[in-house]
Amino acid sequence: MKILTLLITIVLTNFAFANYQDVIKMEPTGKCSVDEMVKIKDDFNDVMKNKNYDYRAKLWVPTFAPEGSLNHVYWVGTAPDLPDFASEFTRYFDEVTKGSTPEAGIETAFAKCRLEVSRSGFQAR
């Protein structure tokens, strides 16, 4: 019985920490401050929560980094897993294309603030 409990605990622990990290390297345009970008991110997270998305985001601003990297900001989003991220990404951008949704407003606000340099996905374990 102890072995079964241990195995269940190990499996559940692995699932609990297996999540998807969406990392976007962004170059600020200079038309928004980092504080304004944080406000947009906070608005984004409010929409995610209010519309029952599982995805949440943070902004990472380098304190120190290799030369040339200090002028970038990193969007780090978290979803439970890759399939959840994929379905919510599709749902979010379907809402963006409607034009008069909170999601569209967020994308419009962010468009003036940053250029996406790269995007990567990671399984966190």
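This section describes the disulfide and several salt bridges of a predicted model.

One disulfide was identified. The bond joins cysteine 32 and cysteine 113, with 2.0 Å between the sulfur atoms. Cysteine 32 is located in the loop between strand 1 (19–28) and helix 2 (34–50), and cysteine 113 in the loop between helix 4 (102–111) and strand 4 (114–124), so the disulfide ties together parts that are 81 residues apart in sequence. The torsion about the S-S bond is about -70°, and the disulfide is therefore left-handed. Both cysteine 32 and cysteine 113 are buried.

Eight salt bridges are present in the structure. One of them pairs aspartate 22 with arginine 119, for which the closest N and O atoms are 2.7 Å apart. This contact links distant parts of the chain, since aspartate 22 belongs to strand 1 and arginine 119 to strand 4, 97 residues apart. Aspartate 22 is buried, at 1% relative accessibility, whereas arginine 119 is partly exposed, at 37%.

A further salt bridge is formed by lysine 51 and glutamate 103, with the closest N and O atoms 3.1 Å apart. Lysine 51 lies in the loop between helix 2 and strand 2 (56–60) and glutamate 103 in helix 4, a separation of 52 residues. Lysine 51 is partly exposed, at 28% relative accessibility, while glutamate 103 is buried, at 0%. Lysine 98 pairs with glutamate 95, the closest N and O atoms being 2.7 Å apart. Lysine 98 is exposed, with a relative accessible area of 56%, and glutamate 95 is buried, at 17%. Through shared partners, salt bridges connect Lys51, Glu95, Lys98 and Glu103 in one network.

Note on methods: Residues are numbered from 1 along each chain as its sequence is written. This is a predicted model: local features need pLDDT of at least 70, side-chain atom pairs count only at pLDDT 80 or more; totals for chains, interfaces and linings use all residues. Side-chain values use heavy atoms; hydrogens and water are left out. A disulfide is a pair of cysteine sulfur atoms within 2.5 Å. Helices (H or I, at least four residues) and strands (E, at least two) are DSSP runs, numbered from the N terminus. Buried means under 20% relative accessible area, exposed over 50%, partly exposed in between (1.4 Å probe, protein chains only). A salt bridge is a side-chain nitrogen of Lys or Arg within 4 Å of a carboxyl oxygen of Asp or Glu.
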